[in-house]
Amino acid sequence: MKYSIKNTISTVLFVGITAFALTSCYETHYNHRYHHHTTDWYDRHHTPPPAGVDFNVDVR
């Protein structure tokens with residue numbers, strides 16, 4: 001009986017964490033933290049990008 005309760009709780013936690021990781025809420029947080037210095041970001045803040053920054057470079 002203890003095994004089934006423990007298994008159920010771990011499954012619910014796993015599904016909950018996976019659902020959170022796949023939602024747009026997580027993606028928005030990631031983009032806000034790591035990708036905020038883009039052309040649009042500088043345009044919204046009315047500041048020029050730093051010297052030597054070229055947004056036309058293909059990084060792939």
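**Three helices and a nonpolar surface patch**

With a relative accessibility of 33%, Thr-38 counts as partly exposed, a class lying between buried (under 20% relative accessible area) and exposed (over 50%), with a 1.4 Å probe and protein chains only. Thr-38 sits in the loop that links α2 (24–34) to α3 (39–44). Its C-alpha atom is 8.7 Å from that of Pro-49, 11 residues away along the chain.

The model is a predicted one, so local features need pLDDT of at least 70 and side-chain atom pairs pLDDT 80 or more, while totals for chains, interfaces and linings use all residues. Residues are numbered from 1 along each chain as its sequence is written, and side-chain values rest on heavy atoms, leaving out hydrogens and water.

Overall, the protein chain has three helices and zero strands, in the order α-α-α from the N terminus; helices (H or I, at least four residues) and strands (E, at least two) are DSSP runs, numbered from the N terminus. Just 2% of the 60 residues count as buried. The accessible surface is about 5900 Å², with 63% of it belonging to carbon and sulfur atoms; such areas come from the Shrake-Rupley method with a 1.4 Å probe, and for residues only the protein chains shown count as cover.

Helix α1 spans residues 2–21 and includes Ile-5, which at 46% relative accessibility counts as partly exposed. Ile-5 joins Ile-9, Leu-13 and Ile-17 in a nonpolar surface patch with about 410 Å² of accessible area together. Patches take residues with over 30% relative accessible area and no salt bridge, joining like charges within 9 Å and nonpolar side chains (Val, Leu, Ile, Met, Phe, Trp, Tyr) within 5 Å; a salt bridge puts a side-chain nitrogen of Lys or Arg within 4 Å of a carboxyl oxygen of Asp or Glu.
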